[in-house]
Amino acid sequence: MDGQGIGGTLDAARIGAELGERATLVQFSSAFCQPCRATRRTLAEVARMVDGVAHVEIDAEAHLTLVRELGISRTPTVLVLDADGRIVRRAAGQPRTVDVVAALGQAL
């Protein structure tokens, strides 16, 4: 995950799911996005491996206001939120497990 922290905060109401106790992986996806499926598996695996981390997938097409507000221009895009919902990392494209775990280090 090569994107840098962008600031901003998201809460459960805005992402439609509870935040993780320690961190949240927010994935913006679209229906016909092949890399989104692989990204879903990777993020779900990391969320299972790391206590207190949640994975939330958001359908970009169904949440256009949020997509525009956050400047999401492609799917998959992954945001790493800390326990307070602050966006600490952002990356577009399919991440590797090792990169997701490293990015979580900034949130935990």
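Strand 1 is a good place to start: seven of its seven residues are buried, so the rest of the structure largely encloses this strand. Keep in mind as you look around that this is a predicted model. In a regular strand, side chains alternate between the two faces of the sheet. Here A23, L25, Q27 and S29 point one way, T24, V26 and F28 point the other way, and all of them are buried.

What sits on either side of this strand? Let's take the sheet it belongs to. That sheet is open, has four strands in the order 2-1-3-4, and its pairing is mixed. Strand 2 (53-59) and strand 4 (87-92) are the edge strands, each pairing on one side only. On average, neighbouring strands here are turned by 15° against each other, if you ignore direction.

You can see the mixed pairing by following strand 1 on both sides. With strand 2, strand 1 pairs in the parallel sense over seven bridges, and A23 has V53 of strand 2 as its bridge partner. With strand 3 (residues 77-82), strand 1 pairs in the antiparallel sense over six bridges. There, L25 stands opposite V80.

Now bring in the helices. Helix 2 (residues 34-49) lies across strand 1, strand 2 and strand 3, and runs at about 170° to strand 1. Helix 4 (residues 97-107) packs on the sheet too, touching strand 1, strand 2, strand 3 and strand 4, and its direction makes about 35° with that of strand 3.

Helix 2 deserves a longer look. At 1.5 Å a residue, its 16 residues should span 22 Å, and the C-alpha atoms at its ends are 24 Å apart, which agrees. An α-helix has 3.6 residues a turn, so residues three or four places apart point the same way. The buried residues of helix 2 are C36, A38, T39, T42, L43, V46 and A47. And what covers them? The cover includes strand 1, strand 2, strand 3 and helix 4.

One of those buried residues, C36, takes part in a disulfide. A disulfide is a covalent bond between the sulfur atoms of two cysteines. The structure holds one of these, formed by C33 and C36, with their sulfur atoms 2.2 Å apart. Both cysteines are buried. The torsion about their S-S bond is about 85°, so the disulfide is right-handed.

C36 also leads us back to strand 1, by way of Q27. Q27 sits in strand 1. Is Q27 buried or exposed? Its relative accessible area is 0%, so Q27 counts as buried. Being a glutamine with a polar side chain, what does Q27 reach? The side chain of Q27 comes to 3.0 Å from the backbone oxygen of C36, and Q27 also makes a polar contact, side chain to side chain, with H55 (3.0 Å). Beyond its neighbours within four places in sequence, Q27 is in contact with C36, T39, R40, L43, H55, V56, E57, I58, P76 and T77.

T39 turned up in that list, so let's see it from its own side. T39 belongs to helix 2 and is buried, with a relative accessible area of 0%. The side chain of T39 reaches the backbone oxygen of P35 at 2.8 Å. Not counting residues up to four places away in sequence, T39 touches Q27, P76, V78, G93, Q94 and P95. For a sense of distance, T39 and G52 are 13 residues apart in sequence and 19 Å apart in space, C-alpha to C-alpha.

To finish, go back to strand 1 and pick out T24. T24 points the other way from Q27. T24 is buried as well, with a relative accessible area of 0%. A polar atom of the T24 side chain lies 2.7 Å from the backbone nitrogen of G20. Leaving aside neighbours within four places in sequence, T24 is in contact with I15, L19, A54, V56, L79, V80 and L81.

Note on methods
Residues numbered from 1 in each chain as written. Predicted model: local features only at pLDDT ≥ 70, side-chain atom pairs only at ≥ 80, totals over all residues. Heavy atoms only, no water. Helix = DSSP H or I, 4+ residues; strand = E, 2+ residues; numbered from the N terminus. Buried < 20%, exposed > 50% of the residue type's maximum accessible area, 1.4 Å probe, protein only. Polar contact = N/O pair within 3.5 Å; in protein donor to acceptor, adjacent residues only side chain to side chain. Contact = heavy atoms within 4.5 Å. Disulfide = S-S within 2.5 Å. Pairing = 2+ DSSP bridges. Axes fitted to C-alpha atoms, helices over the stretch in contact; angles between N-to-C directions. Expected span 1.5 Å × (residues − 1).
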